[in-house]
Amino acid sequence: MSKRKIFAALVSIGVGLCLGACQSERDKVAQAENELKQAYAATSDEQSPKEKQVQEYVNSTPDLHRVSWKVCGDGKLSVTMNEDLNKGCNETKNEPAKGFFQPAYVWGPVKEVKFVNKPDLSPSLQITGLFVKSRGCVSLGKPGEENFYRVSEFTLKKANANLPKDSKTEVITKQEKQKILSAVIGDAESELTSLRNFGVSSNGLLPTGSTCPTLDKWKKGF
């Protein structure tokens, strides 16, 4: 429909320029520009109901922050990871890459980022959670109350408890926010369908509960 409108406008402009012998060149150019503007304005309003819904969601929610990290010495890194690429570190990359992890996204404002330890079943290991003081992970849906939320978790040897644990957060642009939220909404719809129909999450595993617990819930094992 949008292409038809632009095509019709271009045809109208061509006809007008051919038949408008009585118009000055300046008038014909002005008329052509005006008709093209109207045609493109009409196409920009032709969003699908879902696109409008996503746009409203983007406009009504807080800034989205990207959380990145690099933690070395994670004892549970997959054996399929390419050690030459990540050098044995649990590290994020914005774009998918073999041996690396996707960053997390949280609702702002982000006020603090910290690592918290708790015991593992093995006496020689400890679990380390990366917590961000924010309004929750985007994967949970709507922004929640401000709290420390866990965005990632690592299994480290107690002997190496002081290994560097680096992280950072950044506000993303509104255009990237819309792209990310569109993808998250799409994944959630697929997940809900899978759970409703088969009782199994879309990644082939049984649901494991909250993926973004608060610090208190995390300490209690949520």
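I will go through the overall make-up of this protein, then its sheet, its nonpolar cores and its disulfides, and please keep in mind throughout that this is a predicted model.

Let me start with the whole chain. The protein has 222 residues, and 32% of them count as buried. Its secondary structure comes to six helices and seven strands, and if you read along the sequence, you meet these elements in the pattern α-α-α-β-α-β-β-β-β-β-β-α-α. The accessible surface is about 14200 Å², and carbon and sulfur atoms account for 54% of that area. As for contacts, if we take those between residues at least 6 apart in sequence, 63% of them join residues at least 24 apart.

Now to the sheet. Three strands, in the order β4-β5-β6, make up an open sheet with antiparallel pairing, and the edge strands, each of which pairs on one side only, are β4, residues 112-119, and β6, residues 147-157. On average, neighbouring strands in this sheet are turned by 25° against each other, if direction is ignored. Between β5, which covers residues 125-134, and β6 there are ten bridges, and these two strands run antiparallel; to give you a point of reference on the screen, Gln126 stands opposite Leu156 in β6.

Two of these strands come back when we turn to the interior. In general, nonpolar side chains in soluble globular proteins tend to be buried together. Here, the largest nonpolar core has 13 residues, and those with the most contacts inside it are Val67, Trp69, Val106, Leu130, Val151 and Phe154. At least two residues of this core come from each of β1 (64-72), β3 (104-107), β5 and β6, and β6 gives the most, with four residues.

Which residues is Leu130 in contact with, once we leave aside its neighbours within four places in sequence? The list consists of Val67, Trp69, Val113, Lys114, Phe115, Tyr149, Arg150, Val151, Ser152, Phe154 and Ser167. Apart from the largest core lies another one, of ten residues, and among them are Val58, Leu64, Trp107 and Val138.

That leaves the disulfides, of which a search of the whole structure finds two. One of them joins Cys72 to Cys89, with an S to S distance of 1.9 Å, and because the torsion about its S-S bond is about 90°, this disulfide is right-handed. The pair links distant parts of the chain, since Cys72 sits in strand β1 and Cys89 in strand β2, residues 89-91, with their positions 17 residues apart in the numbering. Are these two cysteines buried or exposed? Cys72 is partly exposed, with a relative accessible area of 23%, whereas Cys89, with a relative accessible area of 4%, is buried.

The other disulfide is formed by Cys137 and Cys212, whose sulfur atoms are 1.9 Å apart, and with 70° about the S-S bond this link is right-handed. Cys137 lies in the loop between β5 and β6, and Cys212 in the loop between α5 (174-198) and α6 (215-220), so the pair ties together parts that are 75 residues apart in sequence. Both Cys137 and Cys212 are buried. Finally, if we number the bonded cysteines in sequence order, the pairing reads 1-2, 3-4.

Conventions. Residues numbered from 1 in each chain as written. Predicted model: local features only at pLDDT ≥ 70, side-chain atom pairs only at ≥ 80, totals over all residues. Heavy atoms only, no water. Pairing = 2+ DSSP bridges. Axes fitted to C-alpha atoms, helices over the stretch in contact; angles between N-to-C directions. Core = buried A, V, L, I, M, F, W, Y, C linked by side-chain atoms within 4.5 Å. Buried < 20%, exposed > 50% of the residue type's maximum accessible area, 1.4 Å probe, protein only. Contact = heavy atoms within 4.5 Å. Areas by Shrake-Rupley, 256 points an atom, 1.4 Å probe, with all protein chains shown as cover. Disulfide = S-S within 2.5 Å.
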